[in-house]
Amino acid sequence: MERITIDVVSDVVCPWCYLGKARLELAIAEVQDVIGVDINWRPYRLNPDYPKEGVDQKKALAEKLGGEERVAQAHKMLSDYGREVGIAFDFEAIKIGPNTLDAHRLIHWAMIEGREKQDKVVAALFKANFEEGRNVGDHAVLLDIAEKSGLDRSVIASLLASDADRDLIVAEIKAAQEMGVNGVPFFIFDQQYAVSGAQTPDVLANALRDIAKAKAEARSGLN
């Protein structure tokens, strides 16, 4: 069985990234009999200038998208796409547009304990923000998510209270941007093939098959 590593560059307040995660999982399920997949979640910040306490989400979105009508149209489309993959977007519930730096620090610390823990944290952050309207910039929310995902609450509390790994997250985002990532989600397969945007499961499954085939051919060519 071929194994493929996917680095997913994403932000937990990006609805397309939440869609991308669900669609990627469907794609992996389609090929899991023949291809093994390891996922690493990499940071990106859509709104790096947001203050620590966050902003008024509705106001900020209306300014960004050009009015409330545009926001409503975007939310309707995303809600429709979400239903197809089991996401119950509740955009009305989101009051605060958070600064996501601390959420990305939590994702990084989860990865130290393994991909499974990291994936649990990422899933919980998306769900908290998009389905429960919780502020994922709030340390209390982050600590709840950490604990429910199997991380040590007291350790994460002391890390969040410090500046640990802030510079590392910012540097990683800068490196991704310098590599050409200017929108998310962004999928990097085996550190050499890139797919941009929340592609449909069939597109992602085909990409996995193509890469697995290329790897198998390259290896047989070496033998």
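1. D165 in this predicted model is partly exposed, because its relative accessibility is 27%, a value between the 20% and 50% cut-offs. D165 sits in the loop that runs between α7 and α8. Its backbone deserves inspection: phi of D165 is near 65 degrees, which is positive although the residue is not a glycine.

2. Q191 also combines a positive phi, of about 60 degrees, with a side chain other than that of glycine. Q191 belongs to the loop between β5 and β6. Its relative accessibility is 71%, and therefore Q191 counts as exposed.

3. The loop between β5 and β6 also holds D190. Is D190 buried or exposed? With a relative accessibility of 18%, D190 is classed as buried, since the cut-off for that class is under 20%. The side chains of D190 and K215 are joined by a polar contact of 2.9 Å. Apart from neighbours within four places in sequence, the residues in contact with D190 are R3, I4, T5, I211 and K215.

4. One cis peptide bond to note is that between V184 and P185, where omega is about 5 degrees. P185 is part of the loop between α8 and β5.

5. Helix α4 covers residues 101–112 and has twelve residues. From its first C-alpha to its last the helix reaches 17 Å, close to the expected 16 Å. Nine of its twelve residues are buried, so α4 is largely enclosed by the rest of the structure. The buried residues are L101, D102, A103, H104, R105, L106, I107, W109 and A110; charged side chains thus appear in this list, including D102 and R105. The cover over the buried residues of α4 includes the strands β1 (2–10) and β2 (35–43), together with the helices α5 (115–130), α6 (139–148), α7 (153–160) and α8 (166–178). Just after α4, G114 adopts a positive phi of about 130 degrees.

6. Helix α5 has 16 residues, which should span 22 Å at 1.5 Å a residue; the end C-alpha atoms are 22 Å apart, so the two values agree. Which residues of α5 are buried? They are Q118, V121, V122, L125, F126, A128, N129 and F130. An α-helix has 3.6 residues a turn, so residues three or four places apart point the same way. The elements covering the buried residues of α5 include β1, α1, β2, α4 and α6.

7. The count of cavities of 30 Å³ or more comes to one. The largest cavity holds about 40 Å³ of space. Its lining consists of S10, V12, W41, R42, P43, H104, I107 and V122. Among these, H104 and I107 are also on the list of buried residues of α4, and V122 is on that of α5. At least two lining residues come from each of β2 and α4, and β2 has the largest share, with three. By class, five of the lining residues are nonpolar, two are polar and one is charged.

8. The largest pocket has a volume of about 460 Å³. It is lined by 22 residues, of which V13, P15, L46, L61 and K64 are the closest to its centre. Helices α1 (15–31), α2 (57–65), α3 (68–84) and α5 each contribute at least two residues to this lining. Which element gives the most to the lining of the largest pocket? That element is α2, with five residues. The lining of the largest pocket comprises 16 nonpolar residues, five polar and one charged.

9. The second largest pocket has a volume of about 240 Å³. Its lining is formed by Q57, K58, K59, L61, A62, E68, V71, A72, H75, F91, E92 and I94. Both α2 and α3 supply at least two of these residues, and the largest share, five residues, comes from α2. In this lining, six residues are nonpolar, two are polar and four are charged. L61 lines the second largest pocket and is also one of the residues closest to the centre of the largest pocket.

How values were computed: Residues are numbered from 1 along each chain as its sequence is written. This is a predicted model: local features need pLDDT of at least 70, side-chain atom pairs count only at pLDDT 80 or more; totals for chains, interfaces and linings use all residues. Side-chain values use heavy atoms; hydrogens and water are left out. Helices (H or I, at least four residues) and strands (E, at least two) are DSSP runs, numbered from the N terminus. The expected span of a helix is 1.5 Å times one less than its number of residues. Buried means under 20% relative accessible area, exposed over 50%, partly exposed in between (1.4 Å probe, protein chains only). Contact means heavy atoms within 4.5 Å. On a 1 Å grid over the protein atoms alone, a cavity is a set of points where a 1.4 Å probe fits but cannot get out, and a pocket is an open set with protein on both sides within 12 Å along at least five of seven lines; lining residues have an atom within 4 Å of a point. Grid points are joined across faces, edges and corners, and a volume is the space filled by probe spheres set on the points. A polar contact is a pair of N or O atoms within 3.5 Å; within protein, one must be able to donate a hydrogen and the other to accept it, and residues adjacent in sequence count only if both atoms are side-chain atoms.
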